[in-house]
Each structure stands twice: as C-alpha cells, then as structure tokens.
Amino acid sequence: MFQTPSMTRKLVVAITSVVAAFWLVAMGFGVLIMQDEFSEIFDSGIQETAERLLPIVNDDLAGRQAGNAPRGVAEKAATNREYLTYQVRGRDGQILLKSRDAPSEPFPIALAVGFSQTDTHRLYTAGTADGSLYIQVADALDHRREAAIEGGMALFFPILALIPASIIAIILVVRMTLSPIEGLRNDIGTKDGGNMIPVDEAGLPVELRPIARSVNLLLERLRSALEAEREFTANSAHELRTPIAGALAQTQRLLAEVPPSLAARAGQIERSLQHLARLAEKLLQMSRAEAGIGISDEKTNLFPILDVVIEDIRRSALGAGRIVLHAQGDARVERQVRPDAFAIVVRNLLENALVHSPARSIVDVYFDSEGLRIVNESAVLDQATLASLTKRFTRGPTQAAGSGLGLSIVKRFVEQMNGNLALHSPATGRPGGFEAAVRF
Amino acid sequence: MSGDGVRVLLVEDDQVLGEALRDHIAAAGHAVDWFTGVVDSMAATETVEYGLILLDLRLPDGDGLSLLRHLRGRQDATPVIILTAHDQVSDRIEGLNSGADDYLVKPFDLDELTARMLAVSRRYAGKPTSTIRLPGIEIDQINRNVVVDNEIQLLSAREWAVLDKLAARPGAIVSKAQLHEELYAFGAEIESNTVEVYISRLRKKIGHDRIETIRGVGYCIK
C-alpha cells in the first residue's frame with residue numbers, strides 16, 4: 001500500500017538524517033583529533049616524568065648502599081592503580097628500582113633514550129650521560145584507549161539527546177515555513193463551480209505568488225466560460241420558448257375558430273406542441289444542470305423560493321388544491337445554492353409527485369433545516385425501479401405524461417449542491433406511496 | 001372582466017404570439033392596444049387609461065421592467081401581468097417586487113392567461129389604491145411595499161393579498177370568509193386552514209399585535 005507523499009515528512013526525514021549524519025562524522029573526526037592530542041599530552045607526561053625522576057633516582061642510588069635485589073619505592077601497600085609505571089635499570093639492563101605496578105621483568109625494549117612502544121605500553125627511556133643508569137616510564141595503552149573512549153562518549157551522549165530535539169525543532173521550522181503552502185492548498189481546495197473567488201495573494205511568500213496568480217487566472221477563465229454557458233442557456237431558453245409559445249397560442253386560437261370537423265386535428269397539434277414545450281423545458285433544465293448552476297458563492301434562504309414555486313404550481317390545473325406544505329412560516333434555511341437551481345429541483349419533484357399520483361390526491365411537502373421531503377400516493381415501487389428513476393429518459397410503471405428527465409435533473413442539481421437525493425417506496429412511516437427526500 | 005370589457009395594453013414583440021394574444025383578448029370582449037416596444041407603450045400609458053397591461057420583459061428597445069417601474073413611479077396602479085420566456089425564480093421575484101401583479105412564463109395556455117387576467121381584475125375591482133399609514137407600518141398598495149418599523153418586509157403574493165384586504169379598512173373586522181374569498185380571487189385553490197396560516201405568517205413579519213383576532217368573527221389590522 002502506497003502512502004501519499006508528504007512534503008513535510010520528506011523534509012523532516014531528509015534534514016534530520018543529514019544533520020545526524022554530519023554530527024556523527026564530526027564526532028568521528030573529533031574523537032580522532034582528541035586521541036591524537038591525548039597521545040601528545042600523555043607522551044609529554046611520561047617524558048617529563050622520566051626526565052624529572054632520573055636525577056632523583058640517581059642521587060638516591062648513589063647516596064645509599066645498594067642492595068642486590070631491586071625494591072619498590074613505595075614500601076607501604078597502596079590500593080590505587082598506577083597510571084604510570086617505571087623501571088630503573090643499570091647499564092647491563094638489570095632492574096635496580098621499579099614502581100609498585102611495574103612488571104618484575106624488564107620492559108622488552110632496548111635501553112635507548114626516546115619513545116618506544118610495546119603491545120601494551122607506550123614508554124619513554126631517559127638515561128644518564130655516562131649510560132650507567134636508565135629510567136623507563138611506561139603508560140598503559142589501555143589507559144589511553146579508555147581516555148579516548150570516555151572522551152568519545154562524552155561527545156556521543158549529548159548527540160543522542162540532541163537528535164530528537166533537533167527533529168522537533170526541524171518539524172516546527174518546516175511546518176512554519178510550509179504553512180503558506182498549506183493555506184494556499186486549503187484555499188485552492190475550496191474552489192469549485194460555486195466558489196470561484198480569487199485566491200488571496202497578499203501575505204504569500206514570493207515563491208508561491210506565481211502559483212496563486214496562475215490559479216486566479218485559471219479561475220477567471222473558468223468563471224467567464226461558465227458565465228458564458230449560463231448566459232447561452234438563458235438565451236436559448238428565451239429563444240426556444242417564444243416561438244413555441246407563439247405556435248401554441250396560434251393553435252389554441254385556431255381551435256377556437258375552426259369548424260368542429262377540423263377541431264380534432266387542431267387538438268392533436270395543440271397536444272404535440274404542449275408535449276414539445278414540456279420536453280424543451282426539461283432539456284433546457286438539463287442543460288442548466290450540465291452548466292453547473294447548482295452551487296453559489298452566496299447563501300440563499302430557501303423557504304421563500306419553495307413558497308414561490310409551490311404557490312405557482314398550486315395555481316396550475318395540475319396542483320390546484322393538492323399540495324400541503326408542512327413548514328414553519330418563518331423557516332429560515334440558508335444554503336450556498338442558486339435560487340433558480342433550487343426552484344428547478346422543487347418544481348421537478350412536485351411535478352413528478354403530482355403527475356404520478358392519483359388525481360386529486362394530496363402531495364405533502366415537508367421542509368426543515370435538514371432538507372426537503374415530498375411524499376405522494378402511489379403503488380409501492382420495487383428497489384430496481386427506484387434505482388432506475390434517476391436515469392435519463394427512464395420512467396416508472398406509469399402511463400402519465402412525462403419526459404423521464406425530471407428526477408435525473410434533480411439528482412444532477414442536488415449533487416452540485418453537495419446534497420443527497422433519496423427515493424423511498426413505501427414512503428417513510430406509510431404503508432405505501434413514494435417519497436423523494438433531498439438532504440443538504 | 002368576465003362580463004365587462006376593459007382596455008388592455010399588450011406589450012409583446014413576437015408577431016406570432018402577439019397576434020394570437022390580441023385575437024384571444026379581443027375575442028373575450030376587451031379592447032386591445034398592441035405595441036412591440038417600451039417607448040411606444042410608455043407613450044400609450046400616458047395618454048390612455050388601461051384596465052390591464054400584459055407586459056413582455058425582453059423587448060427590442062429595452063426591458064419591460066423599466067416600463068413597469070416607470071408606471072409605479074408615477075403612482076399608476078394599473079394591474080400588470082408579466083409575460084416572459086424567463087422562467088428563473090429570481091426574475092419572477094424581481095418582477096413581483098417591481099410592482100407586477102402576476103407573472104406568466106411562456107409558453108402558456110390561453111385559458112391560463114384568461115384565468116390570471118380574471119384573478120387580477122377581481123383583486124382590483126373597486127379597490128382604492130394608495131399608501132396606508134398605521135402606527136409603525138406603511139403599506140404602499142401601488143408599489144406593493146410594506147415598511148415595518150423603517151424596515152422593508154418581503155411578502156409573498158398570498159401574504160400580500162391578505163394584508164391588502166385587511167389594510168383596505170384599518171380597524172374594521174374582515175371575516176375569515178372574506179379573506180378566503182380574497183385568496184380565491186387571487187387565483188389559488190385553498191385548504192381549510194389557509195387563512196390561519198397566512199395570518200400567522202403576516203404576524204411574524206409585521207408584528208404579532210398588529211393583527212387582532214376577533215374570536216368567531218374575523219380579523220382586523222390596527
């Protein structure tokens with residue numbers, strides 16, 4: 001499963017990894033340099049010690065009677081560990097004197113003045129001018145390694161704590177830096193057919209301004225295109241309706257004037273024109289739905305629109321005395337939808353309910369903040385039929401006049417309004433009937 | 001209008017539709033003056049007193065609403081029915097708010113037009129047209145404006161019909177049957193509780209105390 005790439009995560013991981021790697025490399029160099037410096041200091045220590053001890057030991061040996069056996073300087077038993085050990089050796093290599101922790105055997109190196117090294121020790125040999133006495137001061141290499149390791153750890157442990165702290169700091173800085181991108185992304189994300197307000201460029205970093213400018217140009221072009229489409233649809237409606245109205249009116253005058261023998265034929269023309277008018281109406285509504293006029297930048301109170309449409313249909317022969325509205329008179333339900341789109345939704349649902357229910361039966365309209373429900377009497381429809389009703393040119397089991405477009409127009413508009421159209425049969429809480437519910 | 005012919009001004013630029021409308025109105029016993037533009041129609045209204053105006057909106061020399069606003073601006077209360085191919089609800093609301101009495105979307109049946117003309121004429125029969133001022137409320141019957149406490153209230157056509165009837169005689173009791181009749185004359189089929197519904201809506205818009213219920217008798221506006 002692939003996770004959507006996140007710039008923030010990528011940046012945090014990359015910057016943290018690079019910073020941690022740099023720190024580790026720097027620490028490595030630090031340890032090497034420190035080890036080198038430690039060696040110099042320790043070497044200086046054993047050299048200094050050997051050169052200081054040599055005259056003292058020489059005087060000491062010369063001033064007392066020499067025994068045959070070497071003996072330690074410290075007669076008293078000590079518990080502390082010696083970091084530096086030494087052996088005082090004669091010309092023949094015999095050990096004349098040694099420190100407590102020094103080995104009883106001579107150091108396995110030649111009696112030559114200067115630095116030398118065994119597997120376990122670093123040594124400095126100093127000798128008297130006549131070569132009768134040598135002192136060899138040794139420093140254990142373990143001691144030096146321990147010092148280097150402890151020094152390295154002293155660098156490493158703070159880094160362990162600093163890495164999480166730097167991750168948090170990097171996350172905060174990255175988020176703060178990327179917040180204008182987040183804001184721009186959210187702003188662009190709200191743009192759709194209804195909201196085409198330009199993106200606010202003020203306050204954006206200079207890197208993002210070209211993006212905002214391009215988005216605004218695109219929105220402007222889209223707005224112009226949609227406006228042109230809406231204008232075209234409105235003009236088409238006007239241009240199409242007027243000749244149909246003229247033809248229908250002329251035909252109805254003809255019906256009033258022709259002799260009865262021709263009335264039947266004229267009546268056929270009238271019915272055809274009425275059917276054409278209804279079909280043209282639905283196709284115009286469909287073209288508006290396709291033009292995306294459902295959503296709006298501004299909020300609209302839907303109740304007055306519902307009221308106007310219901311009042312209009314109540315005055316028609318189809319809806320006279322059949323519509324009962326169940327709503328508060330001062331209901332205020334505001335949504336970001338175009339008034340005309342909502343009016344088309346209500347008109348289609350009401351016409352659908354009136355046409356496909358028994359003559360003079362009541363159609364109930366329920367309206368509240370949740371949405372709109374329109375319920376009419378009908379036989380119960382099966383689920384397959386219900387599912388097909390919102391397809392274009394699909395009609396239920398009815399002989400009633402209709403185009404088969406009404407509910408598909410409603411569905412298209414409701415989708416644009418970010419709402420939901422649900423069809424139920426039987427209607428909610430009833431044994432039968434049909435219910436169309438629009439939820440916003 | 002059914003019996004008494006009135007002089008009708010028909011403003012329609014489409015020749016085919018205009019001829020049919022002219023003949024239909026004439027056949028109903030009315031005199032018809034038919035013009036195809038705003039300017040000629042405006043001139044006609046200044047010289048002739050019409051009983052009804054049928055007004056198309058999109059005309060070659062302008063918008064029909066400008067003629068309507070001109071009429072209402074000079075306090076001419078001649079009833080106007082808008083005939084238009086614009087079916088958008090926003091156009092309809094704008095038309096009614098501009099002082100139209102009704103709105104008919106093309107194409108329409110001529111019988112429907114006859115019914116609307118009859119309904120509008122019934123509403124205007126013998127009704128004085130003026131601005132009525134009551135405490136805190138001003139009802140402009142010509143422009144169909146209601147200003148309550150200096151704030152314009154938008155009323156639906158039915159709400160306006162009820163208020164118009166009550167405001168015709170402030171303080172006088174108007175029976176429920178009369179309001180029923182008013183709503184019917186407005187061209188609506190009504191249910192048994194319609195009057196109560198619209199009284200309730202009006203009270204919410206103009207103030208609960210302004211319409212008094214006289215139990216068993218009717219309502220009056222104060």
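How many bridges pair β13(B) and β14(B), and in which sense? Select the two strands and count: four bridges, antiparallel. Two strands are called paired if DSSP finds at least two bridges between them. Helices (H or I, at least four residues) and strands (E, at least two) are DSSP runs, numbered from the N terminus.

Before moving on, note that this is a predicted model, in which local features need pLDDT of at least 70, side-chain atom pairs count only at pLDDT 80 or more, and totals for chains, interfaces and linings use all residues. Residues are numbered from 1 along each chain as its sequence is written, chains are lettered from A and ligands numbered from 1 in the order in which they are written, and side-chain values use heavy atoms, with hydrogens and water left out.

**Stop 1: the three-stranded sheet of chain B**

Stay on β13(B) and β14(B). Click B:T213; its bridge partner in β14(B) is B:Y219. Now follow the hairpin between the two strands, which has three residues between them. There B:G216 takes a positive phi near 80 degrees.

Add β12(B). The three strands make an open sheet in the order β12-β14-β13, with antiparallel pairing. β12 (174–175) and β13 (211–214) of chain B are the edge strands, each with a single partner, so one side of each has no neighbour in the sheet. Two bridges tie β12(B) to β14 (residues 218–221) of chain B. Pick B:V174: its bridge partner in β14(B) is B:Y219.

Next, show the helices. α6(B) lies across β12, β13 and β14 of chain B, at about 75 degrees to β14(B). α8(B) lies across β13 and β14 of chain B, at about 145 degrees to β13(B). Axes are lines fitted to C-alpha atoms, for helices over the stretch in contact, and angles run from 0 to 180 degrees between N-to-C directions. Contact means heavy atoms within 4.5 Å.

**Stop 2: the four-stranded sheet of chain B**

Keep α6(B) on screen. It also lies across β8, β9 and β10 (145–148) of chain B, running at about 105 degrees to β9(B). These strands belong to an open sheet of four, ordered β8-β9-β10-β11, with antiparallel pairing. Its edges are β8 (131–134) and β11 (151–153) of chain B; each has a single partner strand, so one side of each is left without a neighbour in the sheet. From one strand to the next, the twist averages 20 degrees.

Zoom in on β8(B) and β9 (residues 137–140) of chain B, an antiparallel pair held over four bridges. B:T131 stands opposite B:D140 in β9(B).

Then select B:D149, in the loop between β10 and β11 of chain B. B:D149 has a positive phi of about 50 degrees, although it is not a glycine.

**Stop 3: where chain B meets chain A**

Show both chains. The contact takes 37 residues from chain B and 38 residues from chain A. About 3,300 Å² is buried between them, 51% of it from carbon and sulfur atoms. Buried area is the accessible area (1.4 Å probe) that two parts lose on being put together, summed over both.

Which residues of chain B lose the most area to chain A? Select B:V89, B:P107 and B:R201; together they give 17% of what that side buries. B:P107 sits in the loop between β7 and α5 of chain B. A cis peptide bond joins B:K106 and B:P107, with omega about -10 degrees.

Now show the side chain of B:R201. It meets A:D307 in a salt bridge (2.8 Å, N to O). The rule, a side-chain nitrogen of Lys or Arg within 4 Å of a carboxyl oxygen of Asp or Glu, finds three salt bridges across this interface.

Colour the chain B side by element. α1(B) supplies the largest share, seven residues.

**Stop 4: two sites in chain A**

Go to A:E257. It forms a salt bridge with A:R253, the closest N and O atoms being 3.1 Å apart. The two are four residues apart in helix α3 (residues 209–257) of chain A, and so are separated by about one helical turn.

Finish at A:P426, in the loop between β12 (420–424) and β13 (434–439) of chain A. A cis peptide bond joins A:S425 and A:P426, with omega about 5 degrees.
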